[in-house]
Every structure is written in structure tokens, then in C-alpha cells.
Amino acid sequence: MDLPLLPTSVIGSYAWPAWLHVALWAAQRGELGPEDMRETQDDAVDMALRDQEDAGVDMVSDGEMRRAGFFTAAFYGFLTGLRELPPQRRIGVAGHDQRESYEAVEPITAPNGLGLLVEYEYVRQRTTRPIKMPCPGPFTLAGRIKPGAAYRTRWDVAEALVPIINAELKALAAAGCTFIQIDEPSIAVRPDAPRAFVELFNATVAGVDARIGLHLCFGNYVGRPTARRTYRPLFPHILEAHADQYALEFANRELAEIDLWREFPSEKELAAGLVDVKNYYIETPEDVAERIRVALRYVAPEKLTIVPDCGFSQTARWAARAKLKAMVEGARMVRHELAG
């Protein structure tokens, strides 16, 4: 991939425009057909690419515009063997107990894949920039599925999802995708078994001929984390994962724990989250540049990528656009300093 020093990228999701919400609601009422929705989502991908390219982002995504709901929600529609459960709470402040939930009633399959290949086939026709394809990992995807009668534990559900996700990743690589990011926030939220997670992750990416990223965050549903925000319990075991790059959030924690990268030396790349997606303070380029300079005390410049803490799906578009521009300009400032 033709990327500059200190390349900029996104984690995956991008802010939805208002009209995409309106279209989804209309589709749920039966007012739009599948072709109407496909056309709308194509346009939304084009919008997400335009905002990223206008900002100057080096590696782009399709903004996850085809993934209705939060993060993993759209993927359950591709899985068989699940029974949908009613939400535990319907009224009041948004929280995870209002989200989708399922029970496994028979072994889980995905006879038509998970939809990532369709996403990739479209986005690669719409941009000449390097593309990042994000995919939820098995432990996180298993988080909304109760084991039911088909499985004993969440780990069993996750292990059942491994071959499904692995087949999808191999199909992406065969189609020409060169960078795939596995999103596993649940591991950072529940860091009690880092060795077991590494084995699960490595099985998920086994035989996938692409560069692999691993995104670990602390949750971002309605902009709120869901656990004690520390990566330390994952180290050093997490560095045994077969990942080329680790995407970790630092901006909203005032760069806490970035020194872990020096305490546990590694040849792996770090995609450092240096823009806070949970805050409506709009960073200036100088803010971002200063954070990059701090990161460079612990990470070699050729091993550092600049990203937001998490996806922008929970952020208003006007703020997402402004934050992306500040991120890119801040990276350019430090790139110029290093070149001088």
C-alpha cells in the first residue's frame, strides 16, 4: 500500500447522514424495497468516502453504511439458528439492555456469508485510496447471543463463529482486499482470559492472505464505554496475536497507557487513537500534533498510524468531518517536522 509516514485512517464506521436514517425507517415501514435501499446505501458509501477524501485521510473505509444498527447488529441477519429475544428495556436512556439480543436454538451457520464481500466489491470501485475492511471478531459477535440449547457458554458460541468469519475473510482476501481489521472490543471489556482470546483470534485469521489489524476499545454505544478502561491486563499476551497492527484508543484517556508500547517492546504497528469520538470538543490540528509527538516517544514513526479512538457511528456528521480534518492536518504538521 502506498502510504506516507504517519498515515491517517479511520477505525471503520462513519457518521450517518440524516437521510440514511429516514430511509431506514421508511424501509422498516415497508415503504422502500430492497433495490431502493441498495441505491440509498450506495449513495451513503459515496458520501462517507467523499468526507474522508475531502479531509485527506490516507486509508479509507466504506463507513459501514450498509450495517444498520450499532456495530454488530446487521450481521445477525446473516446467521441461521438464532431466535430473536425481546429487549430487556424499551423506555428511557439508551443502553445495551435496549439492543438486539438472540438465543441459539441450533448450530449457527451463515449459508450466504456475512455480506462483507458485497461491501468490498462496491467500495473498491468508488475510490483509488487504500481500503480498510473492518469485521467484528467472534467473541464480540457472540456477545449478543445467549448459548441456549445449542451451546454451553459464550466461548462455545464464539468458537462456532470462527469458521464462518474465517471463510468471509478469505473471500475478501481472494477478491483483492489487502487490509482487514478485526474489531474485538469485548476482549478489552472482559480481559479475564487473554491467552484464550489470542488462540481464538489466531484461528479466526488463519490462512487469510492480507494484512490484519486488531481493534480493541472499551465500547462506544451512544458514546459510552462499558468497562474499566485499561489495556494492561491484556499485556503481554495480546502481542502474540497474529495481527500486523493494533488499533487502541488513547485520546479520551488523555494518552494513558501509551507507555505500554515501550514497556512491552514489539515489532507490531500501532494505530493510535488520537482523536476523541466521545467528545464534542473539536480538536485543533495543533492538539492532534501534540498527541502525535507524545506517541512518538514510545512508537517509531514508521510503525505509527493516526486514527480516531473508535468509529464515528455515534458522532454527528458535522463533528466527524471537523475531527477528521484536524487529524489529517495534525499528522501533516508532524510529518513535515520529521522531514525537516
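Glutamate 121 is partly exposed, with 28% relative accessible area, where partly exposed denotes the range between buried (under 20% relative accessible area) and exposed (over 50%), computed with a 1.4 Å probe on protein chains only. The side chain of glutamate 121 joins that of arginine 124 in a salt bridge, with an N to O distance of 3.0 Å; the term requires a side-chain nitrogen of Lys or Arg within 4 Å of a carboxyl oxygen of Asp or Glu. Both residues belong to helix H3 (residues 116-126), three residues apart, or about one turn of the helix. Arginine 124 is likewise assigned to the partly exposed class, at 36% relative accessibility. Helices (H or I, at least four residues) and strands (E, at least two) are DSSP runs, numbered from the N terminus.

The structure is a predicted model, in which local features need pLDDT of at least 70 and side-chain atom pairs count only at pLDDT 80 or more, while totals for chains, interfaces and linings use all residues. Residues are numbered from 1 along each chain as its sequence is written, and side-chain values use heavy atoms, with hydrogens and water left out.

Across the whole structure, 22 salt bridges are found. One of them pairs arginine 321 with aspartate 51, at 3.8 Å from N to O. This pair links distant parts of the chain, since arginine 321 lies in helix H10 and aspartate 51 in helix H2 (residues 34-55), 270 residues apart. Arginine 321 is partly exposed, at 34% relative accessibility, whereas aspartate 51 is buried, with a relative accessible area of 3%. In helix H9, arginine 293 forms a salt bridge with glutamate 290, the closest N and O atoms being 3.2 Å apart. Arginine 293 and glutamate 290 are three residues apart in H9 and are therefore separated by about one helical turn. Relative accessible area is 29% for arginine 293, which is partly exposed; glutamate 290 is also partly exposed, at 38%. Salt bridges that share partners also join Glu35, Arg38, Asp42 and Arg66 into one network.

Helix H10 packs against H2 at an angle of about 35°, with the two axes 8 Å apart. Axes are lines fitted to C-alpha atoms, for helices over the stretch in contact, and angles run from 0 to 180 degrees between N-to-C directions. The crossing of H2 with H10 is right-handed, a term applied when the near helix is turned clockwise from the far one by less than a right angle, an anticlockwise turn being left-handed. On the H2 side, the contact comprises Met47, Arg50, Asp51, Gln52 and Ala55, which meet Arg317, Arg321, Leu324, Lys325 and Val328 of H10, contact meaning heavy atoms within 4.5 Å. By class, these residues divide into four nonpolar, one polar and five charged. In this scheme Ala, Val, Leu, Ile, Met, Phe, Trp, Tyr, Cys and Pro count as nonpolar, Asp, Glu, Lys and Arg as charged, and the others, Gly among them, as polar.

Valine 328 of H10 is buried, at 2% relative accessibility. Leaving aside neighbours within four places in sequence, valine 328 contacts Thr8, Ala55, Gly56 and Val57. The C-alpha atoms of valine 328 and leucine 5 are 12 Å apart in space, although the two residues are separated by 323 residues in sequence.

Helix H10 (residues 317-339) also packs with H9 (residues 285-295), at an angle of about 55° and with axes 7 Å apart. H9 and H10 are therefore oblique to each other; angles under 35 degrees count as roughly parallel, over 145 as roughly antiparallel, 65 to 115 as roughly perpendicular and the rest as oblique. H9 passes H10 in a right-handed crossing. Pro285, Glu286, Val288, Ala289, Ile292 and Arg293 of H9 meet a set of H10 residues including Ala326, Met327, Gly330 and Val334. This contact has nine nonpolar, one polar and four charged residues.

Backbone geometry was also examined. Most residues other than glycine have a negative phi, and most peptide bonds are trans. Glutamate 64, however, has a positive phi of about 55°; this residue is placed in the loop between H2 and strand S1 (80-85) and is buried, at 7% relative accessibility. Glutamate 254 likewise has a positive phi, near 55°, and is placed in the loop between S7 and helix H8 (260-263), but is exposed, at 67% relative accessibility. The peptide bond from phenylalanine 235 to proline 236 is cis, with omega near 0°, and proline 236 lies in the loop between strand S6 (211-216) and strand S7 (245-249).
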